[in-house]
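Hello,

Here is the structure I promised to pass on to you. Please have a look at it first, and then read my notes below.

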Amino acid sequence: MGEWLSQPVNWVYLVVGVLTLVSAFRVVTSQNVVHAALFLVAALGGVAVNFILLSAEFVALVVVLVYIGAVIVLFLFGIMITRAPTGLDVALDNDKKLPAALISLVVFAVLSYATVTTFGNAELVEIGTATDTASLARAFIGRFVVPFEVVGFILLAALVGGIAIARRDLTPLEEESRRSV
Amino acid sequence: MIASQFLVLAAALFALGVYGLLVRRNAVLVLLSVELMLAAVNINLVVFEAMWRTSEAIGQVFSIFVLTVAAAEVGIGLAIILMIFRNRQSANVDELDLMRW
């Protein structure tokens with residue numbers, strides 16, 4: 001433990017990990033919807049820092065760009081549209097908090113026990129030996145080219161599907177008036 | 001750095017996501033909890049990549065696939081929530097009991 005604490009990178013990990021967990025806790029407990037979405041920004045930022053500690057710089061940047069840049073904006077739009085008063089709302093949670101907390105504690109215990117007893121003592125590569133993005137690119141264009149194209153198709157399908165679901169169908173009267181214009 | 005510190009962090013994030021998924025009533029907040037769980041899965045994938053160091057960085061490749069599908073899921077999920085809100089003037093998941101027996 002003393003040796004573990006003597007490495008400065010572990011101090012970075014401790015500070016960022018605590019910040020990540022505190023903001024993740026606020027995401028699921030905050031009584032203000034907008035605050036919950038903004039705490040998700042902090043939690044995902046902490047996750048991105050963890051990716052950098054694990055020498056996965058490209059994934060960290062993708063998280064910052066896609067999640068903090070785009071997905072959170074989408075969430076804030078969703079919140080703004082689906083609830084007019086964005087203030088305090090006491091009925092944001094249901095009354096099953098205790099069973100839910102028990103279940104999540106069990107999930108945490110089982111997951112951490114299983115992964116730590118199986119992989120816990122494995123040494124990670126030293127920080128600073130970053131994965132070069134070129135090898136990621138070679139994997140995407142070489143071995144994983146079919147999944148890569150499939151994922152692109154999924155994104156296109158999600159785009160078209162999102163528009164098709166969310167657009168408001170015109171009533172017959174409106175359709176008539178539009179046609180006459 | 002050993003693997004267990006990141007594995008425990010990922011497990012805690014996943015458990016918090018499970019808690020939010022079970023407790024929240026607002027559908028947008030349920031989606032936020034799902035995002036937390038997906039982030040935990042991504043941490044695990046990247047940790048395993050840092051353990052084994054494959055030549056093509058397969059763990060990171062898969063974490064990027066997960067990120068992409070998660071982004072698509074958020075788009076579709078929010079569109080569905082928008083539709084439900086427009087039809088029922090509510091985005092609370094426990095009020096959507098139309099198909100409840």
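Let me begin with how two helices from separate chains run: H2(A) and H2(B) are roughly antiparallel to each other, because angles over 145 degrees count as such and their axes cross at roughly 155°. Please keep in mind that this is a predicted model. H2(A) covers residues 8–29 of chain A, H2(B) covers residues 27–52 of chain B, and the two axes come within 9 Å. The crossing is left-handed. On the chain A side, the contact is made by Ala24(A), Val27(A) and Val28(A), and they meet Leu32(B), Ser33(B) and Leu36(B) from chain B. By class, that gives 5 nonpolar residues, 1 polar and no charged.

Next comes H3(B), which spans residues 58–88 of chain B. This helix has 31 residues and reaches 44 Å from its first C-alpha to its last, close to the 45 Å expected at 1.5 Å a residue. Just after H3(B) you will find Gln89(B), with a positive phi near 55°.

Two helices of chain A pack against H3(B), and I would look at them in turn.

H7(A), residues 145–166, has its axis within 9 Å of the H3(B) axis, and the two cross at roughly 10°. H7(A) and H3(B) are therefore roughly parallel to each other. From H7(A), the residues in this contact include Phe148(A), Val151(A), Ile154(A), Leu155(A) and Ile165(A), along with Gly161(A) and Gly162(A). Among their partners in H3(B) are Phe65(B), Ala72(B), Ile76(B), Ile80(B), Met83(B) and Arg86(B). The contact has 15 nonpolar, 3 polar and 1 charged residues.

H6(A), residues 133–141, packs on H3(B) at an angle of about 65°, with the axes 10 Å apart. That makes H6(A) roughly perpendicular to H3(B). The crossing is right-handed. Here Leu136(A), Ala139(A) and Phe140(A) touch Gln60(B), Val61(B), Ile64(B) and Phe65(B). The classes in this contact are 6 nonpolar, 1 polar and no charged. If you follow Phe65(B), you will see it listed in the contact with H6(A) and also in the contact with H7(A).

Finally, how is chain A divided into domains? The domain assignment gives domain 1 as 2–131 and domain 2 as 132–181. Taken over C-alpha atoms, the centres of these two domains of chain A are 28 Å apart.

Enjoy exploring it, and best wishes!

Technical notes
Residues are numbered from 1 along each chain as its sequence is written. Chains are lettered from A and ligands numbered from 1 in the order in which they are written. This is a predicted model: local features need pLDDT of at least 70, side-chain atom pairs count only at pLDDT 80 or more; totals for chains, interfaces and linings use all residues. Side-chain values use heavy atoms; hydrogens and water are left out. Domain bounds come from an automatic or database domain assignment. Axes are lines fitted to C-alpha atoms, for helices over the stretch in contact, and angles run from 0 to 180 degrees between N-to-C directions. Helices (H or I, at least four residues) and strands (E, at least two) are DSSP runs, numbered from the N terminus. Angles under 35 degrees count as roughly parallel, over 145 as roughly antiparallel, 65 to 115 as roughly perpendicular and the rest as oblique. A crossing is left-handed if the near helix is turned anticlockwise from the far one by less than a right angle, and right-handed if clockwise. Contact means heavy atoms within 4.5 Å. Ala, Val, Leu, Ile, Met, Phe, Trp, Tyr, Cys and Pro count as nonpolar, Asp, Glu, Lys and Arg as charged, and the others, Gly among them, as polar. The expected span of a helix is 1.5 Å times one less than its number of residues.
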